[in-house]
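Trainee: Before we go through this entry, could you take the terms used for it in turn and set each one against its definition?

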Amino acid sequence: MEVLPILNYALNGLLLGGVFALTALGMSIIAGIMRVINLAHGDVAVLAAYLALIVSNFLKVDPLLSLVVVAPLLYVLGYFIQKFLVNKLIFERFYFTALMTFSLSIILQNLMLLLFTADARSLITPYLLTNIDFFGLTPPPRFLIGFAFSFAAFIILYVFLKKTYIGKVIRAVPADIEGAKMLGIKSEDIYCIAAGLAYLSLAIAGVLLGMAFVFFPDSGPTYLLLSFGILVLGGWGSIRGTFVGGLIFGLAMSFGGLFFGSRFQLVFCYLIILIVLIIRPRGIFGGKI
Amino acid sequence: MKRIYFLGGILVVFLILLPYFAGRFFVNAAILTLLFFSISVTWGFMAKHAWLVSLGQQIFVGAAGYTTAVLTMYYDVPLWLSVIVAGFVGMLLAGLLSFPLLRLRGFYFAIGTLVTAEIVKLLFIGWDYVGGGMGLIFRNVYGISLQALYYATVVLAFYSIFLTSFIYRSKLGFGLRALGNEEEAASGLGVNPFVCRSILFTLASSVASFAGALYAIFHPYVEPVTFFNINWTTGSVFVSIIGGVGTTIGPLFGSIVYVALTYLLSEYVGLSLLLQGVITAAFLLLCPVGLWGYLRMKLKR
């Protein structure tokens with residue numbers, strides 16, 4: 001085989017991996033801070049894509065611009081879901097939280113099915129369909145834009161958690177929940193803010209995914225499994241790990257498609273998740289946030 | 001205690017006589033109720049006593065359903081024999097899957113089973129030997145009477161009750177409870193966590209397998225979307241939560257509500273699932289012990 005097609009596959013994989021990494025970021029934040037996995041994760045991303053579709057059609061704006069409305073909306077949604085539905089169960093037996101988020105996933109999927117029907121939708125816009133040719137490298141613009149936004153979101157969130165006061169408080173809670181309590185930090189409130197941030201990052205990811213692929217009301221579980229795979233590769237709550245995990249996953253998906261055909265592409269990715277889970281249940285880069 | 005045996009006896013007589021006074025419609029509904037009851041009893045037992053929340057019981061439903069159809073159609077094995085064989089094939093599969101899956105705990109186990117179920121479904125869709133995405137039309141069962149199938153599901157329901165109460169009282173049950181309380185200490189005293197959980201997972205999955213084999217007779221069109229549907233898991237979750245996780249009587253209430261809900265809203269599948277989700281969430285928040293747990297608390301007072 002020639003070098004250039006392989007390079008193109010690798011580039012596509014890396015760019016796509018950036019978008020996937022942002023999809024997983026929300027799960028990584030929640031998992032790192034509350035030791036909980038949101039099983040409705042993928043459905044929230046799809047919900048964000050549908051909301052962006054409505055807003056951009058209604059206001060006649062670009063899907064990316066619709067994030068100005070959709071992202072705060074999802075922050076509020078995440079905050080209140082955490083406050084009223086998850087926080088009550090989070091200190092109980094773990095399967096209550098698991099089943100609560102699982103029910104949320106079922107609710108969201110079927111709500112979207114009733115509201116938006118089972119038709120395929122997408123957030124594709126004309127400028128995403130132009131061709132780029134850079135010395136033989138042909139990255140699709142939809143992946144390029146996705147990667148750029150995802151990278152920016154990662155940097156912003158990283159700086160937010162490391163430098164600002166509220167970011168430091170968020171990191172303090174999982175490090176020492178008793179100590180944080182003694183300093184007057186209510187962990188429940190911090191969980192709400194963290195969930196809001198996770199949903200906000202998921203809103204951006206959902207819109208970027210909607211620009212890259214068609215989506216259906218039941219696309220959520222695929223995104224859930226994909227995010228979980230990245231989390232497994234990158235480790236609980238490690239932001240850098242999540243980004244690297246996303247890139248690896250994107251590459252695996254791209255080359256899996258090349259070698260096994262699109263029919264078994266997903267099977268290949270799921271197998272990678274299972275194998276990594278079995279070899280390193282705590283993730284390859286398991287570390288702190 | 002005597003009252004419980006008395007009520008149990010009435011229930012048994014009722015179940016045996018049901019096909020003689022109820023119409024076809026109710027027998028159909030009863031079959032579905034008993035199938036979901038059996039799966040949920042073992043699902044709840046795993047969740048409560050071993051903290052194993054499996055989101056992939058449809059793997060065994062599907063695998064056993066396909067085994068029954070393939071054995072009867074391709075190899076001319078007698079139908080009921082292939083049902084039994086399918087149950088054992090499901091157990092074998094569960095035993096093998098427990099090696100990778102039971103290295104995982106908590107959420108990891110839940111998502112590990114979900115991922116595995118997705119892989120198995122995609123593999124069956126791509127497998128031409130069993131008809132790929134189209135599946136198999138299971139013509140051999142057209143002669144089987146509904147009554148025979150009904151009694152088979154009654155047997156399955158009692159099998160699942162005896163299995164869980166047997167495990168609960170056996171050494172395995174003590175081991176599991178010890179592991180649940182203090183894993184380090186229990187394994188220090190010679191309880192092997194992997195072996196305990198693996199045996200439990202295998203035995204519990206035998207119920208889902210037999211249920212799948214019987215469902216292949218009930219719904220003689222064996223195709224991946226129905227047999228590997230996540231509804232098998234969402235249904236079990238719903239039934240267990242509203243009945244009471246890890247109880248025996250609770251899932252009976254739960255499965256009756258479940259089947260009634262699916263029949264009433266059979267034309268609006270989305271709405272029925274939406275309601276299931278809402279009801280499960282409401283029970284988790286307001287009444288986490290379930291209907292039976294609530295009733296028992298009231299009765300004790």
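**Terms and their grounds**

Mentor: Let us start with one residue of this predicted model: leaving aside its neighbours within four places in sequence, Val207(A) is in contact with Ala48(A), Ala49(A), Ala52(A), Pro63(A), Leu64(A), Leu67(A), Val70(A) and Leu123(A).

Trainee: What makes Val207(A) and Ala48(A) stand out in the largest nonpolar core?

Mentor: That core has 190 residues, and Ala48(A), Ala203(A) and Val207(A) are the ones that touch the most other members. Helix H8 of chain A gives the most to this core, with 18 residues. Membership requires a buried residue of a listed nonpolar type, joined to others through C-beta atoms within 7 Å.

Trainee: Why are H5(A) and H8(A) called roughly antiparallel?

Mentor: The axes of helix H5 (residues 141-163) of chain A and helix H8 (residues 187-212) of chain A come within 9 Å and cross at roughly 170 degrees. Angles over 145 degrees count as roughly antiparallel, and the two helices are therefore described in that way.

Trainee: Which residues make that contact, and what is its character by class?

Mentor: From H5(A), Arg142(A), Phe143(A), Gly146(A), Phe149(A), Ser150(A), Ala153(A) and Leu157(A) meet Ser201(A), Ile204(A), Leu208(A), Met211(A) and Ala212(A) of H8(A). Sorted by class, the contact has eight nonpolar, three polar and one charged residues, with Gly counted among the polar ones.

Trainee: Turning to the other chain, how do you know that the radius of gyration of chain B agrees with that of a compact globule?

Mentor: For 301 residues the globule rule gives a radius of gyration near 19 Å, and chain B has 19 Å, so the two agree. The C-alpha trace of chain B spans about 55 × 45 × 35 Å along its principal axes, and its secondary structure comes to 14 helices and two strands.

Trainee: What share of chain B is buried, and what share of its contacts joins residues 24 or more positions apart?

Mentor: Buried residues, those with 20 or more other C-beta atoms within 10 Å of their own, make up 48% of chain B. Among contacts in chain B with a separation of 6 or more, 79% join residues 24 or more positions apart.

Trainee: How many residues of each chain meet, and which helix of chain B gives the largest share?

Mentor: In this model 35 residues of chain B are in contact with 32 residues of chain A. Helix H5 (106-125), helix H11 (231-243) and helix H13 (269-286) of chain B each give two or more residues to that side, and the largest share, 13 residues, comes from H5(B). By class, the side of chain B that touches chain A has 24 nonpolar, nine polar and two charged residues.

Terms used: Residues are numbered from 1 along each chain as its sequence is written. Chains are lettered from A and ligands numbered from 1 in the order in which they are written. This is a predicted model: local features need pLDDT of at least 70, side-chain atom pairs count only at pLDDT 80 or more; totals for chains, interfaces and linings use all residues. Axes are lines fitted to C-alpha atoms, for helices over the stretch in contact, and angles run from 0 to 180 degrees between N-to-C directions. Helices (H or I, at least four residues) and strands (E, at least two) are DSSP runs, numbered from the N terminus. Angles under 35 degrees count as roughly parallel, over 145 as roughly antiparallel, 65 to 115 as roughly perpendicular and the rest as oblique. Two residues are in contact if their C-beta atoms, placed from the backbone, lie within 7 Å. The radius of gyration is taken over C-alpha atoms; the globule rule is 2.2 Å times the number of residues to the power 0.38. A residue is buried if 20 or more other C-beta atoms lie within 10 Å of its own, exposed if 12 or fewer, and partly exposed in between; C-beta atoms are placed from the backbone.
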